[in-house]
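Okay, everyone, thanks for coming. Let me put the structure up on the screen, and then we'll walk through it together.

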Amino acid sequence: MKTDRKSGILMPVASLPGKYGIGTFGKESYRFVDMLSLSGQSLWQILPLGPTSYGDSPYQSFSTFAGNPYFIDPEMLIDEGLLTRGEADAYDFGKKTDVIDYEKIYNARYQMLRKAYKRCDLASDRGYAKFARSNAFWLDDYALYMAVKDSFGGAGFTGWDEDIRKRDKKALVIYKEKYAEDIEFYKFLQYKFIVQWKALKEYANNKGIKIIGDIPIYVAFDSADTWAGPELFQFDENGYPTAVAGCPPDAFSATGQLWGNPLYDWDYHKQTGYRWWINRIRHCFSLYDIVRVDHFRGFDEYYSIPYGDPTAEFGKWKKGPGFGLFKAIREELGDVDIIAEDLGYLTDSVIKLVARTGYPGMKVLQFAFDSREESDYLPHNYTSNSVCYTGTHDNDTIVGWFGTLKGKDRKLALDYLDRTDFSSDRDLAYSFIRLAMGSVSGMCIIPMQDWLGLDSRARINTPSTLGGNWMWRMKSGAFSKTLAGRIRRITTVYGRCND
C-alpha cells in the first residue's frame, strides 16, 4: 500500500444523523462526505455494512455478501415514486435523534420497504436483471435463506424442518415456489442497497475520498453462508459445528471470550484454491477502496473451542492458512489494499505473517500508556507502514478512556504529551489527536466522537457485553464548518491534507 501521508475519520453509516431512526445513504451521508472534503480528509472508515442479527452487531450478519436494508434511504424511494412522504413519516423509528432504537426500526422498517417493493417494476428493470445475474452466486441463497427464516418465525436454520435445513433438493424447489414473492423482496432490497451505496461511493471517490470497509474474519452461525456452504466450515454430518471461535482467558476475562462463530475448514479451502475467500475479497473491493480485515491473528493461529462449551476456557490454538491464503488472493486479485487488524497479544509467527503480506497493521494510542513496560503502541515506535488510531469502535472515546487512567499510566500519558492538565474535554481529545496525526504512520484515522470531544456516552461498543452497543448517533449539525476548519488546520500542519 502507498505510504503517502493521509488521514480520515471513522464514522459508522448507522451513526449518521437523519430523520428515519438510523443513518442511511441519503443526504446526510453526502453532507458527511462534503465535510470530509472540507476538512482535508482523504479516508472515510466505516463498519461492516451487512444485515445485522440479534444484538445488532455489524460483526454478526446474516450474510457476508449482503447489505443492511436499514441503510436504504427512504427519501430516495420517495423520489422514485415507490413511497409517499406521508407513508414514510407515518412509521415510528424512535423519538431520540442521538440514539438508535433497533427494536422500533426492526418492527417498522421492513413494513415500509415492502410497500416500496410492491410498487416497483422489477420485471422491466434492466439494472435489476443485471444485478441479479452478476450476484447470483450469493444472492439466490441469501434471499431464500431470509424468506425461509421468516417462515419459521425468524429462527436460524438449526430450527427449521430437517428437509430444508439440510437443503434437500425437493424441499428447495417447494420453498422457492411457495415463497417466491418474499425471495424477490429480499433481492429488491439488495438491489436498492447496492445502487444507493455505489452512488455514494462514487460521490466520495470523485472528491478524492476513499472508503475503508471492514470485514469480520468469521461469519455468523445464523447466516446464509453457513447454511448454503456447510463444507466451508468445521461442521458435522448433521450441520452443526464441531468447534467455534473465541479467545482464551486473559487478564480481562477469567473464562475467555466465547464468540460462537463457526470455524473454517481450512483444508477444504486450500483444496479449492481458497475460491470462497477470493470471491469474498473480490466482492469487498467492489464495495470499498481499502479493506480492514478483523482479527488478523486468526489466519496464523485460531482459537478452537469445543461446540457446546459454556465458556472459552478449554479451547486450543490451531494453525490457520498462513501466507498461502494471501498468496492466492494476490495471484487472483493483484495487490489489493488491505489493513491487517493485528491488535492484542501477537506471537512471533503472526508478526512475521503480517510483515510477509506487506499489509499495514494498526496502532491504537489507547493501548500505548502502560507504565509497566515499553509499548509498541507509543508513537516513537511506529513505522510508516501502519495505520494510527486514537481508538477504534471497540474502545471508549479518548475523553472517556483518559478518565479511567490511574497513577503511573496517567502520568506517563501526561509526560508524553508534555502536559499537566487540560482546559476542556475537546482540548484533551485534540492533544491525543495531534499525537496521532503527527506520528510517522502513513495513515491516521480518528473516530468522529474524538473530533467532537465526546465522553463515554458516545462509545460505540463495549466488547463481550450485550445491550447498549452500536446505538450512538451524531447530532445533526455537529460536524460544522467551524469544526471542519479546525480539522483541516491540524491535518495541514501534519502533512496529511487532501488538497
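So, salt bridges: searching the whole structure turns up 26 of them. Keep in mind as we go that this is a predicted model.

Let me start with E87 and R119. Their side chains meet in a salt bridge, at 2.6 Å from N to O. This pair links distant parts of the chain, with E87 sitting in helix α3 and R119 in helix α4, 32 residues apart. Are these two buried or exposed? E87 has a relative accessible area of 16%, so it is buried. R119 comes out at 43%, so that one counts as partly exposed.

Next up, D415 and K411. Here the closest N and O atoms of the salt bridge are 2.7 Å apart. Both residues belong to helix α16, which covers residues 407-417, and because they are four residues apart, about one helical turn separates them. D415 is partly exposed, with a relative accessible area of 47%.

There's also a little network: salt bridges that share partners join D92, K95 and K104. Within it, K95 forms a salt bridge with D92, and the closest N and O atoms are 3.8 Å apart. K95 has a relative accessible area of 69%, so we call it exposed. D92, at 32%, counts as partly exposed.

Now for a charged residue with no such partner. Where is R297? Look in the loop between β6, residues 290-293, and β7, residues 301-306. R297 is buried, and yet it has no salt bridge. The nearest side chain of opposite charge is E301, and that is 4.1 Å away. Since a salt bridge needs the nitrogen and the carboxyl oxygen within 4 Å, that pair doesn't make the cut. What does R297 touch, then? Leaving out residues up to four places away in sequence, the answer is W317, E341, Y345, T347 and V350.

Okay, on to aromatic rings. The whole structure has 57 aromatic pairs. Take Y20 and F93: the ring centres are 6.2 Å apart and the planes are at 75°, so this pair is edge-to-face. It links distant parts of the chain, too. Y20 is in the loop between β1 (6-10) and α1 (27-38), while F93 is in the loop between α3 (85-89) and α4 (102-119), and the two are 73 residues apart. At 4% relative accessibility, Y20 counts as buried, and F93 counts as buried at 5%.

A second pair to look at is F25 with W197. This one is tilted, with 5.2 Å from centre to centre and 45° between the planes. F25 lies in the loop between β1 and α1 and W197 lies in helix α9, so the pair ties together parts that are 172 residues apart in sequence. Both F25 and W197 are buried.

While we're talking about buried residues, here's a bit of background. In soluble globular proteins, nonpolar side chains tend to be buried together. In our model, the largest nonpolar core has 163 residues. Which members touch the most others? Those are W44, F432 and M448. And the helix that gives the most to this core is α9, residues 180-206, with 11 residues.

Let's zoom in on F432. Not counting residues up to four places away in sequence, F432 touches L365, F369, T390, I398, W401, F402, A413, L417 and F422.

Back to helix α9 for a moment, because that's where you'll find I194. At 16% relative accessibility, I194 counts as buried. Setting aside neighbours within four places in sequence, I194 is in contact with F131 and L287. For a sense of scale, I194 and K318 are 37 Å apart in space, C-alpha to C-alpha, and 124 residues apart in sequence.

That L287 brings me to my last stop, helix α12, where L287 is one of the buried residues. The others on that list are W276, W277, I278, R280, I281, H283 and C284. How many residues does α12 have? It has 13, running from 275 to 287. From the first C-alpha to the last, α12 reaches 19 Å, close to the 18 Å expected at 1.5 Å a residue.

And that's my tour, so thanks for listening!

Definitions and conventions. Residues numbered from 1 in each chain as written. Predicted model: local features only at pLDDT ≥ 70, side-chain atom pairs only at ≥ 80, totals over all residues. Heavy atoms only, no water. Buried < 20%, exposed > 50% of the residue type's maximum accessible area, 1.4 Å probe, protein only. Lys, Arg positive; Asp, Glu negative; His and termini not counted. Contact = heavy atoms within 4.5 Å. Expected span 1.5 Å × (residues − 1). Core = buried A, V, L, I, M, F, W, Y, C linked by side-chain atoms within 4.5 Å. Phe/Tyr/Trp six-rings, centres within 6.5 Å; stacked < 30°, edge-to-face > 60°.
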